[in-house]
Amino acid sequence: MDAKTAAYVIAPPALVAVPVAGETGLFPVRRILCVGRNYAAHRREMGGDDRDPPFFFAKPADAIVLPGRDVAYPPRTANLHHEMELVVALKAGGAEVSPERALELVFGYAAGVDLTRRDLQNAAKDKGQPWEAGKAFDEAAPISSIRRWSGPPPQGRIRLSMNGETRQDASLADMIWNVAEVIAEASRLWRLAAGDLIFTGTPEGVGPIVRGDRVEGEVEGVGRLAFTVI
Ligand code: MN
């Protein structure tokens with residue numbers, strides 16, 4: 001069989017695509033990078049050293065939970081945590097992007113939750129093992145629609161409530177690396193590309209979710225999401 005007639009030996013996996021607010025077109029997801037400890041108060045609540053800079057980890061694209069879908073409580077954990085985050089969606093990429101040019105890569109923003117199996121993450125930390133089991137599991141990345149955006153990044157509030165009670169409420173201005181710096185830093189480690197999503201870190205107030213909880217999140221001016229953990 002030559003290249004022209006080559007076919008997949010199994011059905012290819014579906015492309016993950018996120019709705020865009022007010023538009024019919026979808027945003028295709030290439031990969032998901034996440035920033036750890038990008039708010040000082042959250043770094044402290046996690047026992048971090050104030051001098052440690054933020055860092056990156058990743059989730060697979062198929063960890064996305066599309067807007068309006070509920071989330072299945074994941075297996076092998078007794079301590080599922082919510083982390084409310086601003087998500088950046090890229091329309092272009094590159095390596096070694098300067099902070100001054102970084103915002104040119106932005107398609108838009110969304111509200112997302114970095115769901116975390118905290119017990120598995122902590123066990124991995126203790127043993128010096130990788131974080132995938134704690135962070136990169138199925139349905140670990142609920143997200144809102146993406147809002148197309150140009151100009152300065154969102155600077156409003158970021159909030160999460162559980163069963164109507166506020167758990168996280170902070171300002172995006174409290175990020176240690178701002179959006180342009182997050183993109184620039186990521187591009188020093190990976191060649192970024194259109195379709196990449198970056199979860200930019202969570203403020204303080206992370207905590208456990210149990211089955212039946214209703215989680216509602218908002219990034220002011222960007223979007224809202226809501227799901228029940230079933
Ligand atoms: Mn996070």
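What spacing do the donors of the manganese ion follow along the chain? I began with this question, and I note at the outset that the model I am reading is a predicted one.

**Entry 1: the manganese ion**

I looked up the spacing and found that the donors follow E-x1-E-x28-D along the chain. The protein donors themselves are Glu83 and Glu85, each through OE, and Asp114 through OD, and they lie 2.0 to 2.1 Å from the manganese ion. I then checked how far the two glutamates are covered, and Glu83 has a relative accessibility of 5%, while Glu85 has a relative accessible area of 0%. Because buried means under 20% relative accessible area, I entered Glu83 as buried and Glu85 as buried too.

**Entry 2: the sheet of 6 strands**

I next followed Glu85 into its strand pairing, where its bridge partner in E8 is Gly112. E7, which covers residues 84-90, and E8, which covers residues 106-113, run antiparallel and are joined by 7 bridges. Both strands belong to an open sheet of 6 strands, whose order I wrote down as E4-E3-E14-E7-E8-E11 and whose pairing is mixed. Strand E4 (55-59) and strand E11 (147-148) stand at the edges of this sheet, and each has a single partner strand, so one side of each is left without a neighbour in the sheet.

I went through the pairings within this sheet one at a time. Strand E3, residues 31-36, pairs with E14 in the parallel sense over 4 bridges, and within that pairing Ile32 stands opposite Leu197 of E14. E7 pairs with E14 in the antiparallel sense over 3 bridges, and here Leu197 of E14 is the bridge partner of Ala89. At the E11 edge, E8 and E11 pair in the antiparallel sense over 2 bridges, and the partner of Tyr109 in E11 is Arg147.

Is strand E14 covered on one face or on both? I found both faces of E14 (residues 196-199) covered, since Asp196 and Ile198 on one side and Leu197 and Phe199 on the other are all buried. For E8 I noted that 8 of the 8 residues are buried, so this strand is largely enclosed by the rest of the structure.

**Entry 3: the sheet of 3 strands**

I then turned to another open sheet, one of 3 strands with the order E9-E6-E15 and antiparallel pairing. Its edges are strand E9 (116-117) and strand E15 (207-209), each with a single partner strand, so one side of each is left without a neighbour in the sheet. Strand E6, which covers residues 80-82, runs antiparallel to E15 and is joined to it by 3 bridges. In that pairing I found Leu80 standing opposite Ile209 of E15.

**Entry 4: helix H3**

Which residues of helix H3 are buried? In this helix, residues 118-127, I listed Arg118, Gln121 and Ala124 as the buried ones. Seen down the axis of H3, these buried residues fall within an arc of 125 degrees, so they line one face of the helix. On the other side of H3, I found Asp126 and Lys127 exposed.

**Entry 5: the cavity**

I searched for enclosed space and found that the structure holds 1 cavity of 30 Å³ or more. About 100 Å³ of space lies in the largest cavity. The elements that give two or more residues to its lining are E3, E4 and H3, and H3 gives the most, with 3 residues. The lining is made up of 17 residues, of which Gly36, Arg37, His42, Glu83 and Gln121 lie nearest the centre of the cavity. I was careful to record that Glu83 is also among the protein donors of the manganese ion, and that Gln121 is one of the buried residues of H3. By class, the lining residues divide into 5 nonpolar, 5 polar and 7 charged.

**Entry 6: the largest pocket**

My last look-up was the largest pocket, which has a volume of about 160 Å³. Which strands each supply at least two residues of its lining? They are strand E12 (157-162), strand E16 (214-219) and strand E17 (223-228). I listed the lining residues as Arg159, Leu160, Ser161, Thr166, Glu216, Gly217, Glu218, Arg224, Leu225 and Ala226. They divide into 3 nonpolar, 3 polar and 4 charged.

How values were computed:
Residues numbered from 1 in each chain as written. Predicted model: local features only at pLDDT ≥ 70, side-chain atom pairs only at ≥ 80, totals over all residues. Heavy atoms only, no water. 1 Å grid on protein atoms, 1.4 Å probe; cavity = no way out; pocket = protein on both sides within 12 Å on 5 of 7 lines; lining within 4 Å. Points joined across faces, edges and corners; volume = space filled by probe spheres on them. Nonpolar A, V, L, I, M, F, W, Y, C, P; charged D, E, K, R; others polar. Donors = N, O, S within 2.8 Å, 3.2 Å for Na, K, Ca; no water. Buried < 20%, exposed > 50% of the residue type's maximum accessible area, 1.4 Å probe, protein only. Pairing = 2+ DSSP bridges. Arc of directions from axis to C-beta.
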